[in-house]
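Student: I'd like to go through the labels people put on a structure. Can we take them one at a time?

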Amino acid sequence: TESNTGHDFIGDHPKRLSVPSDEQFLDPVYNFLRFSCIEVFVCSSEHNSGRRGRKVKGQKEGQVGLRCAHCKDIPRSNRANQAVSYPSKTAHIFESVRNFQ
């Protein structure tokens, strides 16, 4: 669904990582990444198989992740290692966004 602010929503959760105040507080590069490139999603069984990259604990269904909005439909084997991340704490979201660069 679409909200009155123009952001896509997953249930009651925004699909894009950006919020309206980003332009006031973030560097233009981070603003662009959050608004145009990174989306929030909820892990399902289809996201939890065949992981690539660093050894990471298996993700639980229902866990919130960040992913590249442009390559989410590309087969997992053709994506960059950092195309999907599951920050373990809200404090790690900035680091995850930085890794998308």
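Tutor: Sure, here is a short round of questions on aromatic pairs, burial and strands. This is a predicted model, where local features need pLDDT of at least 70 and side-chain atom pairs count only at pLDDT 80 or more, while totals for chains, interfaces and linings use all residues. Residues are numbered from 1 along each chain as its sequence is written, and side-chain values use heavy atoms, with hydrogens and water left out.

Student: How many aromatic pairs are there by the rule?

Tutor: Two. The rule says that rings of Phe, Tyr and Trp (its six-membered ring) pair if their centres lie within 6.5 Å; planes under 30 degrees apart are stacked, over 60 edge-to-face, and the rest tilted.

Student: Why is the pair of Tyr30 and Phe94 called tilted?

Tutor: The ring centres are 5.2 Å apart and the planes are at 45°, so the pair counts as tilted. The pair also links distant parts of the chain, as Tyr30 is in helix 2 (residues 28-37) and Phe94 in helix 3 (residues 93-99), 64 residues apart. Helices (H or I, at least four residues) and strands (E, at least two) are DSSP runs, numbered from the N terminus.

Student: What makes Tyr30 buried or exposed?

Tutor: Buried means under 20% relative accessible area, exposed over 50%, and partly exposed in between (1.4 Å probe, protein chains only). Tyr30 has 17%, so Tyr30 is buried. Phe94 has 47%, so Phe94 is partly exposed.

Student: And what kind of pair do Phe41 and Tyr86 form?

Tutor: An edge-to-face one, with 5.7 Å from centre to centre and 65° between the planes. Phe41 lies in strand 3 (residues 38-42) and Tyr86 in the loop between strand 5 (84-85) and helix 3, so this pair ties together parts 45 residues apart in sequence. Phe41 and Tyr86 are both buried.

Student: What makes strand 3 mostly covered?

Tutor: Four of its five residues are buried.

Student: How do you know that strand 3 pairs with strand 4?

Tutor: Two strands pair if DSSP finds at least two bridges between them. Strand 3 and strand 4 (residues 64-68) are joined by five bridges and run antiparallel. Across them, Glu39 stands opposite Arg67 in strand 4.

Student: Which sense do strand 4 and strand 5 pair in, and over how many bridges?

Tutor: Antiparallel, over two bridges. Leu66 has Ser85 in strand 5 as its bridge partner.

Student: What is the strand order in the open sheet?

Tutor: The three strands have the order 3-4-5, with antiparallel pairing. Strand 3 and strand 5 are the edge strands, since each pairs on one side only.
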